[in-house]
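Dear colleague,

I am passing on the structure below, together with some notes on its helix packing and internal spaces. Please read the notes with the structure open beside you.

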Amino acid sequence: MSRILIAEDEERISSFVRKGLTANGFATTVVTTGRDAVDYALTGDFDLMVLDLGLPDQDGFTVLRSLREMGSGLPVVILTARDGVSDTVTGLEIGADDYMTKPFRFEELLARVRLRMRSERGTELTVLRVRDLTLDLRTRRASTDSGTIDLTAREFALLELFLRHHGQVLTRQQILSQVWGYDYDPGSNVVDVYIRSLRKKIGGERIETVRGMGYRLVA
């Protein structure tokens, strides 16, 4: 049985993640401080760590730097309430394997945990592609034939969702629940706002509106 270390001091989130992972066959251990996160991770007893950046004694970046400096190759999926490219880049540059912005749906976290574990065994595809549009899940970079595209963390998650389901119609509710997570507002127009922003960056013709239904990435 794979063992996962959860470093999260917010009880609601840690309980949510622990229960979900346990129900899917993982053994879980929860710690609430950065110091304990480092100590437990270095035991070698875990296969992956879910790491919150907002730990009380030292932030997740400090924890991650300490682990990598001490030679730990433990896969780390970062959780954070920070929605910014600079934070995403910092986390990945110092050794994170993936990055999720709160709020999130458990199904997406589970998929990313499984992805990183499979990556450790060398079998996981890490680049999504539709025509010339590519998304590298490790470097968190999007590009087309015209060059690299700068995306916010939320835009990245939205584009990843479209690429994983290209050719399929996604409703606003599906997009909200997958990208904005467990406490999204179903009455919000945030999906339309981010679709417009994403279209400006990747090309308006790539995402089409299906009237009365939702949006689709043209394959």
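The crossing of H6 and H7 is right-handed, and since this is a predicted model, everything that follows describes computed geometry. Helix H6 covers residues 153–164 and helix H7 covers residues 172–180, and the two pack at an angle of about 125 degrees with their axes 10 Å apart. That angle makes H6 oblique to H7. On the H6 side the contact is made by Arg154, Ala157, Leu158, Leu161 and Phe162, which meet Ile175, Gln178, Val179 and Trp180 of H7. By class, the residues of this contact comprise seven nonpolar, one polar and one charged.

H7 also packs against helix H8 (residues 190–202), here at an angle of about 80 degrees and again with the axes 10 Å apart. Because angles of 65 to 115 degrees count as roughly perpendicular, H7 is described as roughly perpendicular to H8. In this contact Arg172, Ile175, Leu176 and Trp180 of H7 meet Val190, Val191, Asp192 and Tyr194 of H8, and the residues divide into six nonpolar, no polar and two charged. Ile175 and Trp180 are thus named in the contact with H6 and in the contact with H8.

Turning to the spaces, the second largest pocket holds about 200 Å³. Helix H5 (106–120), H6 and H7 each supply at least two residues of its lining, and the largest share, five residues, comes from H5. The lining consists of Glu107, Glu108, Ala111, Arg112, Leu115, Ala157, Glu160, Leu161, Arg164, His165, Gln178 and Val179, which by class gives five nonpolar, two polar and five charged residues. Among these lining residues, Ala157, Leu161, Gln178 and Val179 also take part in the contact of H6 with H7.

There is one cavity of 30 Å³ or more, and the largest cavity contains about 90 Å³ of space. Its lining is formed by Tyr99, Met100, Thr101, Pro103, Phe104, Glu108, Arg112, Arg140, Ala153, Arg154, Ala157 and Val179, with strand E5 (98–101), H5 and H6 each supplying at least two residues. These lining residues divide into seven nonpolar, one polar and four charged. Glu108, Arg112, Ala157 and Val179 appear both in the lining of this cavity and in that of the second largest pocket, while Arg154, Ala157 and Val179 line the cavity and also belong to the contact of H6 with H7.

With best regards

Definitions and conventions. Residues numbered from 1 in each chain as written. Predicted model: local features only at pLDDT ≥ 70, side-chain atom pairs only at ≥ 80, totals over all residues. Heavy atoms only, no water. Axes fitted to C-alpha atoms, helices over the stretch in contact; angles between N-to-C directions. Helix = DSSP H or I, 4+ residues; strand = E, 2+ residues; numbered from the N terminus. Parallel < 35°, antiparallel > 145°, perpendicular 65-115°, else oblique. Left-handed = near helix turned anticlockwise from the far one by under 90°. Contact = heavy atoms within 4.5 Å. Nonpolar A, V, L, I, M, F, W, Y, C, P; charged D, E, K, R; others polar. 1 Å grid on protein atoms, 1.4 Å probe; cavity = no way out; pocket = protein on both sides within 12 Å on 5 of 7 lines; lining within 4 Å. Points joined across faces, edges and corners; volume = space filled by probe spheres on them.
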